[in-house]
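Colleague: I am new to this structure and would like a close look at a single part of chain B. Please take me through it step by step.

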Amino acid sequence: MTGRIEITVSVNGLSYTRSAEPRMLLSDFLRHELGFTGTHVGCEHGVCGACTILLDGRSARSCLTLAAQVDGASIETVEGLGSVENLGRVQQAFRDHHGLQCGFCTPGFLMTITDMLRHHPLESEAEIREALSGNICRCTGYEHICNAVRELAKERGALK
Amino acid sequence: MKPASFDYVRAESVEHAVQTLSGADGDGKIIAGGQSLMPMMNFRLVKPSVLVDINRIAGLDRIELRGNRVALGALVRHRMTAEDALIAEHIPVLHHAMKHVAHLTVRNRGTFCGSICHADPAAEMPMMSLLLNGSIHIVSERGKRVLSAGDFFVGSLMTALEPDELVTEIEVDRLPAGTGWAFEEFARRHGDYALAAVAITMDRQNGVATNVRIGLMGVGETPTRMPQLEAMLEGSEVTERTLEEVVDTLRSAIEPNSDLNASADYRRYLAGTLTRRALSDAWLRAREMQS
């Protein structure tokens, strides 16, 4: 059973079937098997947040998830948020507020923020900062990222 | 930074999980949230030959009120514990402690029972299990057993769990309405493991403290209750003077470790300061109970 196992997973609304070793991380599966290289791999032990994706609608570290575990699940990656020609709302807010420099951590931030906007009240500055605290950026600093989230939260209004 | 090879088994039921574990000859591992296990596997500090995934087992994700106890199943994730209305109402000290647990994305996956099985001495769930007289329900092919939290934690990252055993749920005390409580934690950054933390519950009857419980973490190899301090406070009014006596006794009773993050002296001082704050908060929150 250390042989390959078959995995069928929906990524950004399309279904894919591949086989993989049980030990393959979801981050590597997305990048190497399916070509979703927007998911970045930083620390590979769940500290930096660069590899954050949405697993059945909630943010998860793809480096702490096995590909084998997501058989039948629904994944969203940064590629599902928009394209270079047609930025998604969260991406546009990052651009407007200069929320990135080198961009390495950005996909993880965008996915965490997507979870925050869907599920969390975001009523206070403290709540926004706490929710972002699992993602690490080493160049921009967090001020511009917080500005982007504040605008997005205000635009969204109260959580339904 | 990639796990070593293993066999992967998605358990369909608790029976299937323990059967598979038993067949792994002591070299199997359960994965639930994976937020502690996966980093250790990525570093190859842990190299199970069989990984048993319990995430799809139905019915393990429940939080239930059972008389004066609350049960949390093996797939109750930190986010569920933090947002659960039953816990907010009946165990406010746990509800409050959850605010200190990790980060949003980790809380989405990590589980209460997984955290107690990992048994980090500076994590919130092991200490809350001890504070709330947790009983840990364990099953293996050999049968079922229940361990108290006090017997479960035997050292840093060490528990009394045998390699073929699975924790299916934990039951903890609910607090009677009016119980005073407090939780104080200090970490350099929010969501990091605590340098020290304290949780306290107490009732107030005839103007004195009773049923006092004090739990500490981050100051030893396991989370710990402080029975000698609990006894000092039992039947006393909480005043500035009692606080000083308790804090002095605490600081001489604990033997914290020094590490990269803090010296033993710093931790000893910090534990005292957090305890003083928590004691006065718990006392002020407690409402006079009818005997």
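**A helix, a turn and a sheet in chain B**

Modeller: In this predicted model, helix α8(B) is followed by B:N133, whose phi is positive, near 50 degrees. The helix before that residue covers residues 124–131 of chain B, and eight of its eight residues are buried, so α8(B) is largely enclosed by the rest of the structure. The buried residues of α8(B) include B:E124, B:S129 and the methionines B:M125, B:M127 and B:M128; B:P126, B:L130 and B:L131 are buried as well.

Next comes the strand β6 of chain B, residues 135–140. This strand belongs to an open sheet of five strands, in the order β4-β5-β10-β6-β7 of chain B, with antiparallel pairing. The edges of the sheet are β4 (63–66) and β7 (143–148) of chain B, each of which pairs on one side only. Neighbouring strands of the sheet are turned by 20 degrees against each other on average, with direction ignored.

Take the two partners of β6(B) in turn. On one side, β6(B) runs antiparallel to β10 (residues 166–173) of chain B, and five bridges join them. In this pairing B:S135 stands opposite B:E171 of β10(B). Helix α1 (residues 14–23) of chain B packs on the sheet and touches both β6 and β10 of chain B. The direction of α1(B) makes about 125 degrees with that of β10(B).

On the other side, six bridges join β6(B) to β7(B), and these two strands are also antiparallel. Here B:H137 stands opposite B:V146 in β7(B). The link between β6(B) and β7(B) is a hairpin that passes through two residues.

For a helix pair elsewhere in the chain, look at α11 (residues 240–253) and α12 (residues 264–285) of chain B. Their axes lie 9 Å apart and the helices pack at an angle of about 150 degrees. Angles over 145 degrees count as roughly antiparallel, which means that α11(B) is roughly antiparallel to α12(B). The crossing of α11(B) and α12(B) is right-handed. Among the residues that meet there are B:L243, B:V247 and B:L250 from α11(B), and B:Y269, B:A271 and B:L279 from α12(B). Charged residues take part too, among them B:E244 and B:R251 of α11(B) and B:R268 and B:R276 of α12(B). By class, the contact of α11(B) with α12(B) has seven nonpolar, four polar and four charged residues.

Notes. Residues numbered from 1 in each chain as written. Chains lettered and ligands numbered in written order. Predicted model: local features only at pLDDT ≥ 70, side-chain atom pairs only at ≥ 80, totals over all residues. Heavy atoms only, no water. Axes fitted to C-alpha atoms, helices over the stretch in contact; angles between N-to-C directions. Helix = DSSP H or I, 4+ residues; strand = E, 2+ residues; numbered from the N terminus. Parallel < 35°, antiparallel > 145°, perpendicular 65-115°, else oblique. Left-handed = near helix turned anticlockwise from the far one by under 90°. Contact = heavy atoms within 4.5 Å. Pairing = 2+ DSSP bridges. Buried < 20%, exposed > 50% of the residue type's maximum accessible area, 1.4 Å probe, protein only.
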